[in-house]
Amino acid sequence: MDDKHMQIGEVAARTELSLRTIRHYEETGLVIPSARSQGGFRLYTETDVARLMVIRRMKPLGFTLDQMRDLLDATDRLDGDDALDTCEREALLERVRTYQQAAAEQVEKLRIQLERAEDFATTLGARLGQNVPVTRS
């Protein structure tokens, strides 16, 4: 799965993130390209793309870069090859649970905001409908 390397342009197209944003995430240490071409171009794998997608999904929920880094660290360690003792594994899972709960709370807040926005748009539409001039033949 991770054998294929992609250049940053393909990754940007797949993740719908700008080149600048991907480079920023590299500068902040959130996503490091898996390799570089002989010409120095960044090369990414499917794992890198998946990591960028996690970041992309966290951003609109208001998570900070530090929170993104913390969650990615926890999931990296859980998915890694290193053996974790029971306490360490449970602590990592609890960190992930905390982020899941925070995400669910943010989603609910966004649902409420969307509902209010839809109500507002409907109200404006109804108001415009009341003021449509009647044409007579």
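The largest share of the lining of the second largest pocket, four residues, comes from α5, and since that sentence already leans on a few terms, let me unpack them as I go. A pocket here is found on a 1 Å grid over the protein atoms alone, as an open set of points where a 1.4 Å probe fits, with protein on both sides within 12 Å along at least five of seven lines, and a lining residue has an atom within 4 Å of a point. The names of helices and strands come from DSSP runs, with H or I over at least four residues for a helix and E over at least two for a strand, numbered from the N terminus.

Before I go on, a word about the model: it is a predicted one, in which local features need pLDDT of at least 70 and side-chain atom pairs count only at pLDDT 80 or more, while totals for chains, interfaces and linings use all residues. Residues are numbered from 1 along each chain as its sequence is written, and side-chain values use heavy atoms, with hydrogens and water left out.

Back to the second largest pocket, whose volume is about 160 Å³, where a volume is the space filled by probe spheres set on grid points that are joined across faces, edges and corners. Both α3 and α5, the latter covering 86–130, supply at least two residues of its lining, and among the lining residues you will find Val54, Met58, Phe63, Tyr99 and Gln100. By class, this lining divides into eight nonpolar residues, one polar and one charged, where Ala, Val, Leu, Ile, Met, Phe, Trp, Tyr, Cys and Pro count as nonpolar, Asp, Glu, Lys and Arg as charged, and the others, Gly among them, as polar.

Now, which classes line the largest pocket? Its lining has four nonpolar, two polar and five charged residues. The space in this largest pocket comes to about 240 Å³, and of the 11 residues that line it, the closest to its centre are Thr47, Ala50, Arg51, Asp76 and Asp79. Here α3 (46–58) and α4 (65–79) each supply at least two lining residues, with α3 giving the largest share, six residues.

Let me turn to the interior. The largest nonpolar core, meaning a set of buried Ala, Val, Leu, Ile, Met, Phe, Trp, Tyr and Cys residues joined through side-chain atoms within 4.5 Å, has 22 residues, of which Val11, Ile22, Leu30, Leu52, Ile55 and Phe63 touch the most other members. Two or more residues are given to this core by each of α1 (8–15), α2 (19–27), α3, α4 and α5, and the largest share, five residues, comes from α3. If we set aside residues up to four places away in sequence, Leu52 touches Val11, Thr15, Leu17, Ile22, Tyr25 and Val31, a contact being heavy atoms within 4.5 Å.

Leu17, one of those partners of Leu52, lies in the loop between α1 and α2. Is Leu17 buried or exposed? Leu17 is buried, because its relative accessible area is 13%, and the cut-offs, with a 1.4 Å probe and protein chains only, are under 20% for buried, over 50% for exposed, and partly exposed in between. The C-alpha atoms of Leu17 and Met53 are separated by 9.2 Å, although their positions lie 36 residues apart along the chain as a separation. Met53 itself lies in helix α3 and is buried, with a relative accessible area of 14%. Glu16, by contrast, lies in that loop between α1 and α2 but counts as exposed at 65% relative accessibility, and its phi is near 60°, a positive value in a residue other than glycine.

Finally, the sheet, which is open and has three strands in the order β1-β3-β2 with antiparallel pairing, where two strands pair if DSSP finds at least two bridges between them. The edge strands, each pairing on one side only, are β1 (6–7) and β2 (35–36), and two bridges join β2 to β3, residues 42–44. Arg36 stands opposite Arg42 in β3, and both arginines are among the contacts of Glu26, leaving aside its neighbours within four places in sequence. Glu26 is found in helix α2 and is buried, with a relative accessible area of 15%.
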